[in-house]
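Student: Could you take me on a close look at a single part of this structure? I would like one strand and its surroundings, followed outward step by step.

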Amino acid sequence: MPYPFPAPSSDVDAFRNVLKKSVNIIVVAGAGLSAGSGLSTFRGAGGYWRRFKATTLATPEAFEKNPSRVWQFYHYRREFALRAKPNAAHYALARFTSPQIRESICAPKSTFTVITQNVDGISPRALKEVTSSVSIPEGTHEHPHIIEMHGRLFDVICAKCDHVSWNINSPICDALAGTEKILEAEDHEVNIPVENLPRCEGCGELARPGVVWFGETPRDLDLIDDLAQNADLCLVVGTSSTVYPAAGYADIVRGCGGKVAVFNMERTSGDEDADFLFLGPCEETIPAALGIAQEI
Ligand code: BV8
Ligand code: ZN
């Protein structure tokens, strides 16, 4: 049944009507979701760490060539992510995970999954906090509430034996302590010997951050493809839609007859094809569009 809405509309009532008819809803989120929590994004001013483009450090080659530098980059992001607080957009999406809350907003028996490109762990933290006030059934492997498709900053994996450990130690090792304060390009770069970098708790080999680097295969691709093909509605939140395969899911949803709503501070590639476009800080536009109160 065709929806008679010109695209992209920023008509919240029209969006709510689509929500009302939507059964399977997904979110594709990016760094902009956590910008309101003080975390830098990958593009624009935030796209650089010291004199390095963040995307150039998020590669196996960069780690191979200079594990000290790459670990200092991820140590810096761990320290900021540990101190960051979920914002109103994280909480609104977390509350929307509650079937009871969705009952009055979406179609009966609706499903909702957040697919995030963010490795900061803030969406899972917001969800954990919210479960103290609203009933949310446990997520399952088949139906997780959140899919961290680019991995997790606080997972530490072994390049040799695949041992994975969850590590929120701050600092993660003594040699990295204080290096998060070295920001200026010209500042002397500390070259930490590999034996003093994070080691695998299993075999003692050099460990790496549990994130998906460029050229590596993202997580749960089959599950995500299924969700995209069965989604009635996809909320694209705080992403420049430039990194694949994440940037391709909105097209898949639209190609399968679903609707797409983009939430971003600015126009982004492909948003002209969306059905809805809500410009502004998502920590304001998401709670407003979903009609979910700000407090947890
Ligand atoms: C792969 C983890 C093979 C590490 C990351 C097709 C075409 C071209 C290239 C490719 C292609 N397919 C694959 C590629 C190569 C590559 C790629 O896409 N390159 C790009 C640069 C062209 N992709 C890969 O290598 C992927 N792997 O393809 O493997 C494969 C493929 C399929 C099946 C099997 C195998 C792996 C990519 C993952 C890399 N790892 N992160 C780490 O975090 O360090 S990517 C990383 O960068 C983030 O996770 C995120 O994905 C991306 C950054 O993008 P955004 O999150 O969107 O952030 P950005 O700063 O760009 O934008 C922020 C937006 O928010 C802005 O629009 C801004 O306006 C907005 N905003 C800001 N504040 C707010 C806001 N919006 C609302 N409210 C606010 N307050
Ligand atoms: Zn190991």
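Tutor: Happy to. In this predicted model, let's take strand 6, residues 151–158. Seven of its eight residues are buried, so the strand is largely enclosed by the rest of the structure.

Part of that surrounding is the sheet itself. The sheet is open and has three strands in the order 7-6-8, paired antiparallel. Strand 7 and strand 8 stand at its edges with a single partner strand each, so one side of each has no neighbour in the sheet. From one strand to the next, the twist averages 40 degrees. As a reminder, strands of a sheet pair through backbone hydrogen bonds, in a parallel or an antiparallel way.

Now look at the two pairings one by one. Toward strand 8 (residues 207–211), strand 6 forms four bridges, and the two run antiparallel. Two residues let you find this register on screen: V156 has P209 as its bridge partner, and C158 is bridged to A207. Toward strand 7 (residues 164–166), there are three bridges, again in the antiparallel sense. Here D155 has W166 as its bridge partner. Strand 6 and strand 7 form a hairpin with five residues between the strands, and within this hairpin D162 takes a positive phi near 60 degrees.

A helix also belongs to this picture. Helix 5 (residues 67–83) packs on the sheet, where it touches strand 6 and strand 8. The direction of helix 5 makes about 135 degrees with that of strand 6.

Next, follow C158, since this residue leads to a metal site. Besides having A207 as its bridge partner in strand 8, C158 gives its SG atom to the zinc ion (ligand 2). The other protein donors of that ion are the SG atoms of C161, C200 and C203, and the four lie 2.2 to 2.4 Å from the zinc ion. Along the chain the donors follow the spacing C-x2-C-x38-C-x2-C. What is the geometry of the site? The angles among the four donor atoms are 101 to 118 degrees, and the site is tetrahedral. For reference, the ideal angle for four tetrahedral donors at a metal is 109.5 degrees.

Are C158 and C161 buried or partly exposed? C158 has a relative accessibility of 3%, which is under the 20% limit, so C158 counts as buried. C161 has a relative accessible area of 36% and is therefore partly exposed.

For a helix to set beside this strand, turn to helix 8 (residues 122–130). Its buried residues are I122, S123, A126, L127 and V130. Those residues cover an arc of only 140 degrees around the axis, which means they sit on the same side of helix 8. The general background is that an α-helix has 3.6 residues a turn, so residues three or four places apart point the same way. Among the elements covering the buried residues of helix 8 are helix 2 (32–35), helix 6 (88–95) and strand 5 (146–148).

Helix 2 and helix 6 come up again with helix 11 (residues 282–290). The buried residues of helix 11 are C282, T285, I286, P287, A289 and L290. They pack against several elements, including helix 2, helix 6 and strand 10 (259–264). Just after helix 11, G291 takes a positive phi of about 70 degrees.

Key
Residues are numbered from 1 along each chain as its sequence is written. Chains are lettered from A and ligands numbered from 1 in the order in which they are written. This is a predicted model: local features need pLDDT of at least 70, side-chain atom pairs count only at pLDDT 80 or more; totals for chains, interfaces and linings use all residues. Side-chain values use heavy atoms; hydrogens and water are left out. Buried means under 20% relative accessible area, exposed over 50%, partly exposed in between (1.4 Å probe, protein chains only). Two strands pair if DSSP finds at least two bridges between them. The arc is that of the directions from the helix axis to the C-beta atoms. Contact means heavy atoms within 4.5 Å. Axes are lines fitted to C-alpha atoms, for helices over the stretch in contact, and angles run from 0 to 180 degrees between N-to-C directions. Donors are N, O and S atoms within 2.8 Å of the metal (3.2 Å for Na, K and Ca); water is not among the atoms, so sites may look incomplete. Four donors count as tetrahedral if all angles lie between 85 and 135 degrees; four count as square planar and six as octahedral if opposite donors are over 155 degrees apart and all others between 65 and 115; anything else is irregular.
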